Protein chains: 2
Amino acid sequence: MNIKSDLPQGTLDLLILKIVALGPVHGYAIAQRLQQVSRDVVQVPQGSLYPALHRLENRGLLAADWKETETGREAKFYRLTRKGRAQLEAETASWGRLAEAVGLILRLSEGGAE
Amino acid sequence: MNIKSDLPQGTLDLLILKIVALGPVHGYAIAQRLQQVSRDVVQVPQGSLYPALHRLENRGLLAADWKETETGREAKFYRLTRKGRAQLEAETASWGRLAEAVGLILRLSEGGAE
DNA sequence: GTATAATGAGTAGAAGAACGAGGTATCGGC
DNA sequence: GCCGATACCTCGTTCTTCTACTCATTATAC
């Protein structure tokens, strides 16, 4: 019940950007928050999460600092860069267009296409 | 403005299944219909289309027969198998859950997550 | 004190999907 | 005869994600 069966590829980056936009968080918490907010629909395995985070960091969309969590452990807190915020806005709009188009197609009836 | 920039991977199969479900069509017409119905949001290059069709055929979700088009050319008309119809229903439901979850996350406000 | 689970980060290798760029052939218009 | 549209196909590359690990720290259980 991970991303593969429920979430198409390409959406993960968008969701990560959105969670980080809400405030600085470390990777582990991002996965937890996504799962919690989506009511378990979105479940991100660590093997998908960390490469995605590094990708976003390399592309300059995220920046990170090591800080201490409330539980006393060192963790890498990510925050959105200016570029990342622009990317988030672009991808959010893109997702809207896409979801609308796919919804349109999926609601086609047998008579509507001939 | 092709699939890569706007459509996450994995969604193409669903859209193809849906179009084929509306009635037997050949590959070239599937791409045209997707583009037309989505108002140009979805544009499927042939290098994506035909591999996808073969994939779906190999998985037993589509079946095909060679017939003549209205324009007099031979073309491979695809139709949905019983298995394909079940898959379409499952993926349609899956897409619905996903779109809802992503929408939920994207509508989170700064205050809503703390 | 030591085992164990949860937290937190990370990598390597493989799988799968989509893309661009090619190729083949037929048909109609010029 | 040539060009564009129709209609099919494949190859090699790139990208993303998955599975399956490793490693370290902290809290809890025994």
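In this predicted model, chain A has an average pLDDT of 86, and 88% of its residues score at least 70. Confidence varies along the chain: within chain A the highest mean, 94, belongs to strand β3 (residues 74–80), whereas the lowest, 39, belongs to helix α1 (residues 3–6). Over residues 1–6 of chain A the pLDDT stays under 50, and for this segment the model has 13 contacts beyond four places in sequence. Where pLDDT is low, the predicted coordinates should not be read in detail.

The relation between the two chains may be considered next. A turn of 180°, with a shift of 0.0 Å along the axis, lays chain A on chain B with an RMSD of 0.1 Å. This is the relation of a two-fold axis. Both copies use the same surface, as 97% of the contact residues of chain A recur in chain B.

Within chain A, helix α3 (residues 27–37) and helix α4 (residues 46–58) have axes that come within 10 Å and cross at roughly 120°. Because angles from 65 to 115 degrees count as roughly perpendicular and those over 145 as roughly antiparallel, α3(A) is classed as oblique to α4(A). The crossing of these two helices, α3(A) and α4(A), is right-handed. On the side of α3(A), the contact is made by A:Gly27, A:Tyr28, A:Ile30 and A:Ala31, and on the side of α4(A) by A:Gln46, A:Leu49, A:Tyr50 and A:Leu53. Of the residues in this contact of α3(A) with α4(A), six are nonpolar, two are polar and none is charged.

A second helix pair in chain A involves helix α2 (residues 11–21) and α5(A), whose axes come within 10 Å and cross at roughly 125°. The helices α2(A) and α5(A) are therefore oblique to each other, and α2(A) passes α5(A) in a left-handed crossing. From α2(A), the residues A:Thr11, A:Leu14, A:Leu17, A:Lys18 and A:Ala21 meet A:Gly84, A:Arg85, A:Gln87, A:Leu88, A:Glu91, A:Thr92 and A:Trp95 of α5(A). The contact of α2(A) with α5(A) comprises five nonpolar, four polar and three charged residues.

Helix α5 (residues 82–106) of chain A also packs across the chain boundary, where its axis and that of helix α2 (residues 11–21) of chain B come within 9 Å and cross at roughly 30°. Such an angle makes α5(A) roughly parallel to α2(B). The crossing in which α5(A) passes α2(B) is left-handed. The contact is formed by A:Val102, A:Ile105 and A:Leu106 of α5(A) together with B:Thr11, B:Leu14, B:Leu15, B:Lys18 and B:Ile19 of α2(B). Six residues of the contact of α5(A) with α2(B) are nonpolar, one is polar and one is charged. Helix α5(A) thus takes part in a contact with α2(A) through residues including A:Leu88 and A:Trp95, and in a contact with α2(B) through residues including A:Val102 and A:Leu106.

Conventions. Residues numbered from 1 in each chain as written. Chains lettered and ligands numbered in written order. Predicted model: local features only at pLDDT ≥ 70, side-chain atom pairs only at ≥ 80, totals over all residues. Heavy atoms only, no water. pLDDT = per-residue confidence, 0-100. Helix = DSSP H or I, 4+ residues; strand = E, 2+ residues; numbered from the N terminus. Contact = heavy atoms within 4.5 Å. Least-squares fit on C-alpha atoms with pLDDT ≥ 70 in both. Axes fitted to C-alpha atoms, helices over the stretch in contact; angles between N-to-C directions. Parallel < 35°, antiparallel > 145°, perpendicular 65-115°, else oblique. Left-handed = near helix turned anticlockwise from the far one by under 90°. Nonpolar A, V, L, I, M, F, W, Y, C, P; charged D, E, K, R; others polar.
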